[in-house]
Structures are given as structure tokens and as C-alpha cells.
Amino acid sequence: MRHALELARKGIGAVEPNPPVGAVVVDDGLRLLGEGYHQQCGGPHAEVHALRDAGEAARGAQLFVTLEPCNHHGQTPPCCDAILQADLSRVVVATIDPASHERVSGIARLEQSGIEVISGLLADEAQALIASFTKLVTTGRPFVHVKWAMSLDGKIATSRGDSKWISGEESRAHAHRLRGRMDAIIVGIGTALADDPELTARPPGPRAASRIVLDSQARLPLESKLVTTARETPVIVFSGPDASNDRIKHLESAGVEVVQTSVCEAKTLDWIAILDELGRRLMTNVLVEGGSGVLGSCLDARMADWAHIFVAPKILGGKESLSPVGGAGAFKIADALHVEPVDFLKLGIDLFIEGRIIPSTDRNVTDPQLKL
């Protein structure tokens with residue numbers, strides 16, 4: 001099953017909005033007969049790849065798969081059909097499918113057909129692997145990643161706004177790999193105006209993320225890099241209900257999609273409405289890159305699921321220097337958000353920290369690690 005999980009991770013970024021899945025076929029002595037993983041959305045599932053790899057040797061063998069085999073017609077036939085045709089003796093499943101696709105689950109159909117099914121092996125790891133998929137199919141919203149790079153004293157820019165570069169080359173390369181696995185990258189209009197970013201992955205990854213700007217007044221300049229490349233890589237501006245119609249029309253004429261949405265009590269754009277819209281588009285993973293106002297409003301709204309933080313061994317100082325997270329924040333330490341379980345990685349001279357974002361009230365919940 002651990003090998004199946006490693007195989008499944010190869011599909012991250014290529015299979016969404018489907019979940020990454022891995023499968024292996026073994027004989028009674030656990031000798032590997034075939035293996036496979038879900039390689040691309042719309043393509044054969046992991047079970048089919050593994051059974052094809054095993055060929056006739058699969059008859060009477062065992063299948064280990066990280067997710068419950070499907071029993072419904074989607075873009076491909078049910079995996080249960082292929083399993084039954086292969087005449088396997090046993091199927092070992094890590095975790096059940098969180099989506100409600102069919103009246104009869106995959107496990108139930110296999111058991112009804114006389115195949116022994118064991119479920120729950122390495123379930124925590126398997127559930128962590130499909131956390132993004134699970135959130136999308138159970139809430140209708142994408143899994144939200146937040147990312148920033150900061151100095152040792154918690155600053156993302158000097159008092160004069162200089163921020164290039166706080167982190168080193170290795171950290172920036174890691175951040176680009178992260179971008180390459182996202183459906184969307186989100187920044188605020190402040191960042192778009194100050195940095196004029198392209199928000200692309202370099203080199204390109206398995207996914208080409210839509211570039212999203214939270215811009216309540218539709219102020220994104222027509223000469224910005226985002227607008228001038230909007231016909232090559234999608235750009236979506238979320239504006240408020242009172243944005244200028246002329247500005248909206250100019251952006252749309254340049255190839256930018258403008259979505260007018262509501263504002264919340266804090267007078268910021270409504271994260272629930274934004275994420276509901278991205279979920280309707282089947283976006284599975286979105287990355288919020290900043291600035292501090294956007295990160296603060298996202299965290300204040302308790303919409304962030306995972307943190308990616310790069311810490312550089314630099315001290316900027318200055319009471320006017322910018323911090324990564326703005327917004328209202330916690331009024332008491334007991335109300336703070338926690339990042340756990342935490343994974344640490346040394347990237348050049350920088351330290352990379354990542355983990356699940358959990359409110360203090362939920363800290364007794366054990367959340368396995370998800371790594372992208």
C-alpha cells in the first residue's frame with residue numbers, strides 16, 4: 001500500500017479535479033505483478049493501469065489500491081468492471097470514496113460479487129493524499145493554500161516596499177513548482193499594482209493556473225503584465241458590486257474575465273462567494289499569494305486549509321516594514337490559528353515550513369500531512 005501511495009503522488013497536478021490514486025497487483029507471496037496510477041483526468045484509472053500491467057497473472061491475485069474502486073460511469077467505465085473481469089481474489093482499499101457517485105458503492109459491489117475486500121489500511125495517509133478532492137466534493141469549494149516568504153523577524157518587505165528578494169533561489173524554485181500544481185493563483189490589487197507580476201510557473205508545471213486578482217474597484221491597469229497576457233493564460237478579476245462599468249468593459253475587451261461578487265461585513269470581497277464560484281469551475285487547489293490584506297482576510301474568514309511558509313535568515317527591522325498577514329487577526333493567543341502537523345525542509349539557506357491550518361478549537365483533531 002505504501003508503494004501504491006507513492007505511485008498515486010505521481011498524478012498530483014495532472015488528474016484534478018479527479019483524485020490521485022495508485023494501485024498494485026501482487027500474488028499471495030506479495031510479489032509485484034503489476035502497478036499503475038491515475039495519470040491524467042479522463043484517462044484510465046489506477047486499477048486499470050495496474051491490471052493491464054499484470055495481464056493474465058492478475059487472475060486470482062490481490063489488488064492494493066489507495067481509494068475505493070469506482071462503480072459508476074464517468075469519463076471511463078467503472079473500475080469494478082475491470083476488477084471483476086480480472087477475477088481477483090482480494091482487494092485491499094486504503095480509504096473509501098468521499099464522493100456520492102452511485103447507489104451501490106464500489107466495495108459493496110465487489111463484496112456482493114464474492115471478492116474479499118479489506119479497507120482502512122494506511123487510511124490516514126490515503127485521506128491526506130485526497131484532501132483537496134474531498135473538500136471539493138463535500139463542500140463545493142477548492143482546497144485553499146496560502147504562501148508567503150518572510151524574514152526572521154516576520155517581514156515581507158521593507159518600510160519602503162522593497163521585497164526582492166527575501167528568499168533564496170531554492171525557495172523561489174520550490175514556490176514555482178507549487179504554482180505548477182495549482183488551478184488558480186490569487187493576489188490582491190495591491191500586489192498587482194506594486195509588483196506587476198505574471199503569476200506563472202517557471203518552468204511550467206502540469207497545470208496552468210488561472211491568475212486571479214481580488215480588485216473591488218476593477219483598477220487592474222490595462223498595461224499590466226496580467227492584462228496583456230490574459231489571452232494566453234486566463235485572468236479573472238473579482239470585483240465588488242459598485243465597480244465602474246467602464247473599467248469592467250475595458251478589462252473584458254482586453255480578454256480579462258470580470259466576476260462581480262458581494263462584500264462581507266469587513267468591506268472586503270466575500271471569500272465564501274469567491275470560493276463557491278471557483279468550486280463551480282471544479283478548481284481543486286488554489287494558492288493565495290498575498291499581499292498581507294488578502295492573506296489576512298482569507299485567514300480571518302477561516303478559509304485557508306494549508307500554509308507554505310519560507311523563512312529567510314534575514315532581519316529587516318523597522319516598525320513600518322510589512323508583515324505577511326494583515327486583517328483583524330486574533331485578539332487572544334487562545335484564538336490563534338495553528339499550523340500542524342508541521343513539516344520542515346531546508347532550502348538553501350532558507351527554512352520551509354508547511355502544515356494544515358487548524359483553529360484552536362479543533363486542535364484535538366489529528367490531520368495527516370498533505371504534501372504537494
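Two strands count as paired if DSSP finds at least two bridges between them. The exercises below apply this to a predicted model.

**Exercise 1. Place strand β1 in its sheet.**

Task: State in what order the strands of the open sheet lie, and which strands form its edges.

Solution.
Step 1. The open sheet has 5 strands, and their order is β2-β1-β3-β4-β5. The pairing in this sheet is mixed.
Step 2. β2 (32–37) and β5 (116–119) are the edge strands, since each of them pairs on one side only.
Step 3. Averaged over the sheet and ignoring direction, neighbouring strands are turned by 15° against each other.

**Exercise 2. Follow the bridges of β1.**

Task: Find which residue of β2 stands opposite Val26, and which residues of β2 and β3 are the bridge partners of Val24.

Solution.
Step 1. Strand β1 covers residues 22–26 and is joined to β2 by 5 bridges; the two run antiparallel.
Step 2. On β2, Leu32 stands opposite Val26, and Glu35 is the bridge partner of Val24.
Step 3. β1 and β3 also run antiparallel, with 4 bridges between them. On this side, Val24 has Phe64 as its bridge partner.
Step 4. The hairpin of β1 and β2 has 5 residues between the strands, and one of its residues, Leu30, takes a positive phi near 65°.

**Exercise 3. Decide how β1 is enclosed.**

Task: Work out which way the residues of β1 point, and whether they are buried or exposed.

Solution.
Step 1. Gly22, Val24 and Val26 point one way from the strand, while Ala23 and Val25 point the other way.
Step 2. The cut-off for buried is under 20% relative accessible area. The residues on both sides of β1 are all buried.
Step 3. Because 5 of the 5 residues of β1 are buried, the strand is largely enclosed by the rest of the structure.

**Exercise 4. Describe the packing of helix α2.**

Task: Say which strands α2 touches, and how its axis lies against that of α3.

Solution.
Step 1. Helix α2 (residues 46–54) packs on the sheet and touches β1, β2 and β3 (62–67). The direction of α2 makes about 150° with that of β2.
Step 2. Against helix α3 (residues 79–86), α2 packs at an angle of about 25°, and the two axes are 9 Å apart.
Step 3. Angles under 35 degrees count as roughly parallel, so α2 and α3 are roughly parallel to each other.
Step 4. The crossing of these two helices is left-handed. The α2 residues that make the contact are Glu47, Val48 and Leu51; those of α3 are Cys79, Ala82, Ile83 and Ala86.

**Exercise 5. Characterise the surroundings of Glu16.**

Task: Determine where Glu16 lies, whether Glu16 is buried or exposed, and what its side chain reaches.

Solution.
Step 1. Glu16 sits in the loop between α1 (2–9) and β1.
Step 2. Its relative accessibility is 6%, so Glu16 counts as buried.
Step 3. The Glu16 side chain reaches two backbone nitrogens: that of Gly13 at 3.0 Å and that of Ala14 at 3.4 Å.
Step 4. With neighbours within four places in sequence left aside, the contacts of Glu16 are Gly11, Cys41, Arg207, Thr284 and Asn285.
Step 5. The peptide bond from Glu16 to Pro17 is cis, and its omega is near 10°. Pro17 lies in the loop between α1 and β1.

**Exercise 6. Check further backbone angles.**

Task: Identify what kind of peptide bond joins Gly290 and Gly291, and compare the exposure of Asp87 with that of Leu199.

Solution.
Step 1. The bond joining Gly290 and Gly291 is a cis peptide bond with an omega of about 5°. Gly291 is in the loop between β11 (285–290) and α12 (292–300).
Step 2. Asp87 is not a glycine, yet has a positive phi of about 60°; Asp87 is placed in the loop between α3 and β4 (90–95).
Step 3. Leu199, likewise not a glycine, has a positive phi of about 60°. The loop that holds Leu199 runs between α8 (189–195) and β8 (210–214).
Step 4. With a relative accessible area of 44%, Asp87 is partly exposed, whereas Leu199, at 4% relative accessibility, counts as buried.

Methods: Residues numbered from 1 in each chain as written. Predicted model: local features only at pLDDT ≥ 70, side-chain atom pairs only at ≥ 80, totals over all residues. Heavy atoms only, no water. Axes fitted to C-alpha atoms, helices over the stretch in contact; angles between N-to-C directions. Contact = heavy atoms within 4.5 Å. Buried < 20%, exposed > 50% of the residue type's maximum accessible area, 1.4 Å probe, protein only. Polar contact = N/O pair within 3.5 Å; in protein donor to acceptor, adjacent residues only side chain to side chain. Parallel < 35°, antiparallel > 145°, perpendicular 65-115°, else oblique. Left-handed = near helix turned anticlockwise from the far one by under 90°.
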